[in-house]
Amino acid sequence: MADMILFGVFPYVALALAIGVGIYRYAIDRYSYSSQSSQFLESKALFWGSLPWHYAILLILIAHFLAFLIPTGWGTLLGSPTRLVFLEITGIALGITTMLALVILIFRRVINPRVNAVTSRIDWLLLAALLLQVVTGVYIAISLRWGGVWYVHTVSPWLWSLVKLNPQIDYLANLPGIVQLHAVNAFFLVAIFPFSRLVHVVSIPISYLGRPYQVVVWYRQRRSN
Amino acid sequence: MDIRAQVSSVFHLDKCIGCHTCSIACKNLWTDRRGNEYMWWNNVETKPGTGYPTKWEDQEKYRGGWERVGSQLRLKQGGKASTIGKIFHNPDLPTMDDYYEPFTFKYADLTNAPAGTDQPTARPVSMVSGKPMKIEAGPNWDDDLSGSTVYAANDPGVIELSEEQQQQLFAIEKMVMFHLPRICNHCTNAACVASCPSGAIYKRGEDGIVLINQDKCRGWRMCVSACPYKKTYYGWATGKSEKCILCYPRQEAGEAPGCFHSCVGRIRYLGVLLYDADRIEATAMKADGELAAAQREMILDPFDPEVIKAAREGGLADQIIEAAQASPVYKFVKEWGIALPLHPEFRTLPMLFYVPPLLPVLSSENQGTQKISNDFFTSLEQARLPLKYLAGMFSGGNEEEVEAVYRRLIAVRIQRRAESVGDLSEAELLNARELSGLDRDALDAIFRMTSLTRIKERIVIPPMLREQAIEAGMDPEDYKQEMGFGSRKAPKRRW
């Protein structure tokens with residue numbers, strides 16, 4: 001029963017919260033729809049925390065999503081031992097990077113009185129959840145080798161079963177507890193996304209690349225041409 | 001020709017007494033909130049000095065403004081792709097220590113302290129963390145501190161001067177300084193607008209006021225580093241960037257901006273300029289020393305029938321064109337040519353102009369009578385404040401530009417002296433007039449405008465036709481219930 005709730009129901013609740021509250025917050029309080037940067041208050045430690053954190057976590061997330069979305073392609077990619085070892089090592093290195101970077105970010109918020117003053121309760125909750133996520137992730141990567149391969153046969157089908165609205169919780173129920181924790185905490189992060197500074201992940205300013213430098217806004221249509 | 005109107009200003013530095021009334025008016029109106037304590041949308045600096053934030057003029061340090069790369073203009077902090085790559089950490093962002101940490105005092109300790117043998121004290125505490133702190137800087141920390149080896153000597157403009165000029169600047173009893181009030185320049189080639197990844201910063205088409213859409217701003221802080229004048233500020237409590245709004249809500253109601261209205265020295269002039277928006281980029285590409293002249297070139301004559309015709313075709317209302325004709329800014333910048341942009345070499349085409357201070361009082365004491373020197377041109381070279389320093393501030397290093405302004409300002413003084421005291425020879429007067437390139441009437445008009453005018457002549461606010469704008473954009477009934485910002489919410493994070 002507990003398995004059913006955690007692996008079969010909670011993911012849907014988390015997604016519903018993320019989408020529903022995410023849209024609601026965007027509609028009623030767009031003003032707060034960002035991560036409240038603290039670089040102005042402290043810049044040096046942020047450099048060693050934020051930069052490695054963001055780039056490493058982005059690559060790790062991309063790997064997770066690729067293995068989930070195109071499991072066959074991912075399986076073929078890892079078919080050769082060289083590529084498998086390369087990806088395994090890269091993954092562990094990136095995981096450790098995120099962990100160290102996150103520790104820097106947390107310490108920065110604890111130690112620096114200015115940054116501490118702008119840290120809210122939900123920020124602390126988020127940092128704790130993220131730390132739990134990367135620590136379990138790195139632990140899994142090291143203790144349960146070749147995650148890139150077994151993910152395709154266990155987690156990927158579970159996620160797909162969720163997508164198909166036919167949750168096959170056995171895929172996850174038979175995995176070690178640490179993997180279960182990692183998976184449930186992942187959906188916990190999805191659940192708190194709309195309530196926390198995590199909302200900034202959907203602001204990707206890609207349109208900047210295509211727009212002209214200067215922006216001029218008129219009250220009314222200026223001329224007919 | 002793509003004619004646009006721009007609400008622009010002139011600050012007459014000879015008249016600024018450095019009283020900071022403008023700063024206080026602005027602070028009370030707009031930035032008296034948590035997270036904004038350190039922001040001074042309007043601040044007054046002492047020059048020579050390092051300014052606020054410290055050494056803001058040094059773009060090797062802050063990398064603000066534009067640079068020419070081949071035949072292209074590029075933000076000095078990097079191109080678009082590079083800007084996106086820096087969103088996780090902006091290496092050029094100034095931190096609070098470059099401005100100052102806002103502070104208050106524990107006043108309650110003065111009355112609550114238990115009885116004792118020593119005086120109770122109110123210890124300074126940080127307004128960010130609330131912890132006791134040592135106050136090491138403030139918004140005008142080097143106020144009137146000319147000659148200081150910490151501030152004046154580190155002025156980025158002073159460092160450029162020769163050893164001899166620096167010594168001359170700091171000679172005992174010849175110490176020299178002037179005040180530089182600064183607000184947002186509402187540039188036509190604004191670097192803050194260009195740098196915003198969210199596209200939240202925009203220039204209003206009708207009046208050229210540059211604003212940050214607070215709901216669109218995602219707090220990437222690229223504008224803070226891109227603005228070479230450091231006039232966009234990051235609100236650390238709200239996670240939003242904010243800047244001078246040229247008091248547009250006041251202007252829309254026909255009132256002068258707060259800092260203009262409160263100016264004790266009456267140094268501030270406001271009016272509309274018409275300019276050719278098609279020429280923005282070509283103008284910003286000119287060589288450093290030509291930028292001030294090129295910008296004047298871009299500004300159009302509102303009396304020229306062709307300009308009027310093109311402006312009407314471009315959708316400018318007749319009232320705006322009339323306001324442009326009455327604009328004191330047009331007179332200062334174009335007709336008289338005595339106002340220059342601040343640091344045109346940043347290439348943002350700032351629309352706030354300064355009449356440089358005629359610091360060197362061009363008279364010498366001579367047996368009890370004061371005599372303006374016969375040849376003011378030589379006197380200028382012996383000026384206490386080197387022309388090179390002023391040229392570095394107001395004309396991209398082009399000393400001729402500053403010199404031309406001074407010839408005119410001096411001619412005004414000579415003409416007034418000839419009229420009111422009458423101790424100058426006709427030849428001297430004619431010579432001054434000829435060198436200035438202005439006729440008697442123009443010189444008189446400058447005198448009138450700088451000393452006798454009332455507020456309606458100094459500050460000519462164009463009709464902003466807000467009623468039409470509201471009707472075009474939204475339901476007037478809805479609008480009536482709002483604060484005029486288009487938002488009924490306080491600038492506060494609720495999530």
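1. How far apart do the C-alpha centres of domain 1 of chain B and domain 2 of chain B lie? In this predicted model, the separation between the two centres is 25 Å. Domain 1 of chain B is discontinuous in numbering, covering 17-100 + 136-245, and domain 2 covers 265-458.

2. The contact between these two domains draws on 26 residues from domain 1 of chain B and 24 residues from domain 2 of chain B. On the side of domain 1 of chain B that touches domain 2 of chain B, at least two residues each are supplied by β3 (66-69), α6 (156-159) and α7 (163-169) of chain B. Sorted by class, that side of domain 1 of chain B holds 13 nonpolar, nine polar and four charged residues.

3. The overall dimensions of chain B deserve a separate remark. Its C-alpha atoms occupy a box of roughly 75 × 70 × 45 Å along the principal axes. The radius of gyration of chain B is 24 Å, which agrees with the value near 23 Å for a compact globule of 495 residues. Buried residues account for 47% of the 495 residues in chain B. Of the contacts in chain B between residues at least 6 apart in sequence, 69% connect residues at least 24 apart. The secondary structure of chain B consists of 24 helices and 17 strands.

4. The largest nonpolar core contains 130 residues, and B:Cys192 and B:Phe332 are the members that touch the most others. The greatest contribution to this core is made by helix α19 (residues 399-420) of chain B, which gives eight residues. Because domain 1 (17-100 + 136-245) and domain 2 (265-458) of chain B both give residues to this core, it lies between them.

5. The surroundings of B:Phe332 can be listed individually. Leaving aside residues up to four places away in sequence, B:Phe332 touches B:Val10, B:Tyr269, B:Ile338, B:Ala339, B:Phe353 and B:Val355. Another core, of 11 residues, lies apart from the largest one; among its members are A:Phe7, A:Trp74, A:Tyr151 and A:Leu159.

6. What does each chain bring to the contact between chain A and chain B? Chain B provides 43 residues and chain A provides 40 residues. On the side of chain B that touches chain A, α3 (80-85), α8 (191-195), β8 (201-204) and α23 (466-473) of chain B each supply at least two residues. The largest share of that side, four residues, is from β8(B). By class, the residues of the side of chain B that touches chain A comprise 18 nonpolar, 14 polar and 11 charged.

7. Strand pairing also links the chains. Strand β1 (residues 216-217) of chain A runs parallel to β8(B), and two bridges join them. One of the bridge partnerships sets A:Val217 against B:Arg204 in β8(B). Strands of a sheet pair through backbone hydrogen bonds, in either a parallel or an antiparallel sense.

8. The sheet that results is open, with three strands in the order β1(A)-β8(B)-β9(B) and mixed pairing. Its edge strands are β1 of chain A and β9 (210-212) of chain B, each of which pairs on one side only. Between β8(B) and β9(B) the pairing is antiparallel, over three bridges. Within this part of the sheet, B:Ile201 stands opposite B:Ile212 in β9(B).

Methods
Residues numbered from 1 in each chain as written. Chains lettered and ligands numbered in written order. Predicted model: local features only at pLDDT ≥ 70, side-chain atom pairs only at ≥ 80, totals over all residues. Core = buried A, V, L, I, M, F, W, Y, C linked by C-beta atoms within 7 Å. Buried ≥ 20, exposed ≤ 12 C-beta atoms within 10 Å, placed from the backbone. Domains from an automatic or database assignment. Contact = placed C-beta atoms within 7 Å. Nonpolar A, V, L, I, M, F, W, Y, C, P; charged D, E, K, R; others polar. Pairing = 2+ DSSP bridges. Rg over C-alpha atoms; globule rule 2.2 N^0.38 Å.
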